[in-house]
Amino acid sequence: MTLVIDCHGHYTTAPPAHDAWRDAQVAAFGAGDGPPPYPAIRDDQIRETIEANQLKLLTERGADMTVFSPRASTMAPHIGDEGVATAWARASNDLIARVCDLYPDTFVGVCMLPQSPRADMAGSVAELERCVATLGFIGCNLNPDPGGGGFSSPPLTDRFWYPFYEKMVELDVPAMIHVSGSCNPAMHATGAYYIAADTIAFMQLLQGDLFRDFPTLRLIIPHGGGAVPYHWGRYRGLADMLRRPNLSTHLMNNVFFDTCVYHQPGIDLLADVIETKNILFGSEMVGAVRGLDPTTGQYFDDTKRYVDALPISDEQRHAIYEGNARRVFPRLDARLKERGL
């Protein structure tokens, strides 16, 4: 039996008290005050938000578990200073850990990072280590543009990021490359900024030699890889023009795409262009697109339907649903083996 592992889930339905504390934290920083104490959130309040949303939909749609992280659009490390970002990251990651403790067979945690644009990566290294060693998380969301739409940070291949990559390799965890909310009114967060950032990240990796220095580093580019699969010939041609190695060896032993693409032709193209070994099942549910597709009568983000409909072998489908996730997230694989799976 194949497990269906969703590699891309966010706690978009967190208890209102959690979000209210964030508003109070930001307001206090603006006023020059310290943050208020974090509220007491009961287990039953967490259960209510999960069982009516993510757990219900996972069950209805036939998935078994999800790799779960804080809501991406509210990570917002550009708000306040590094102290504000650190407190918000810790509170958000601790809440994810509580979800995972309540539903250990269904949810496994990955963390957000306190990537204040005015700080180095030391605080993010510390938070990753805390979340993996103490909370049992299996990876992280790494923001390539902590400033929220200005793209002022160094490219992902710059040595600025190397201390964090070194910790990732030491802990043997992957990162999903995921921006947060957009401060730029010209870039809608989920419709423009996310997809643009995914594409920009891939091009940065193409131009550099990151995996020469970190041959075991694993990065997931979400939302189907942004525009990359649709323009695969462009990137293969650019690699040649820029005298980079063939993409199959230069990037595609280390870079993976998810299936957060919300129509059948998009999934068909992804599976046709990108090798099966580089595709992980994901839905981003409950996430950016929540409504019904009027042409099918099904939810846009019910991505399992699209993968089920692909004209691929059972072995390929197993790889997309389970095998690739276990390879990219070895800590998840170890946990499943402990359960006899």
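Modeller: Before we dig in: helices here are DSSP runs of H or I with at least four residues, strands are E runs of at least two, and both are numbered from the N terminus. Also, keep in mind that this is a predicted model.

Biologist: Fine. Then where does R243 lie?
Modeller: Phi of R243 is near 60°, a positive value in a residue that isn't glycine. R243 has 76% relative accessibility, and since over 50% is called exposed, R243 is exposed. As for its place in the chain, R243 sits in the loop between α9 and α10.

Biologist: And D172: buried, partly exposed or exposed?
Modeller: D172 belongs to the loop between α6 (162-171) and β5, and its phi is a positive one too, near 60°. Buried needs under 20% and exposed needs over 50%. D172 comes in at 34% relative accessibility, so it counts as partly exposed.

Biologist: Let's zoom out. How many Å is the radius of gyration of the chain?
Modeller: The chain packs 14 helices and eight strands. For 341 residues the globule rule gives 20 Å, and the chain is close to that, so it is as compact as a globular protein of that length; its radius of gyration is 19 Å.

Biologist: What share of the longer-range contacts joins residues at least 24 apart?
Modeller: For context, 55% of the 341 residues count as buried. Taking contacts between residues at least 6 apart in sequence, the share that links residues at least 24 apart is 77%.

Biologist: How far apart are the end C-alpha atoms of helix α7?
Modeller: Helix α7 covers residues 189-207, which makes 19 residues. At 1.5 Å a residue they should span 27 Å, and the model agrees, because the end C-alpha atoms are apart by 25 Å.

Biologist: Which elements help cover the buried residues of α7?
Modeller: The buried residues of α7 include Y193, Y194, F202 and M203. Among the elements covering the buried residues of α7 are β5 (175-177), α8 (210-213), β6 (219-221), α9 (232-241), α10 (247-250) and β7 (255-258).

Biologist: How far is R212 from H250 in space, C-alpha to C-alpha?
Modeller: R212 is part of helix α8, and its 62% relative accessibility makes it exposed. In sequence, R212 and H250 are 38 residues apart, but in space their C-alpha atoms are separated by 8.4 Å.

Biologist: Last one: which peptide bond is cis, with omega near 5°?
Modeller: Look at the loop between β8 (279-280) and α12 (303-308), where V286 lies. The cis peptide bond leads into V286, and it starts from M285.

Key. Residues numbered from 1 in each chain as written. Predicted model: local features only at pLDDT ≥ 70, side-chain atom pairs only at ≥ 80, totals over all residues. Heavy atoms only, no water. Rg over C-alpha atoms; globule rule 2.2 N^0.38 Å. Buried < 20%, exposed > 50% of the residue type's maximum accessible area, 1.4 Å probe, protein only. Contact = heavy atoms within 4.5 Å. Expected span 1.5 Å × (residues − 1).
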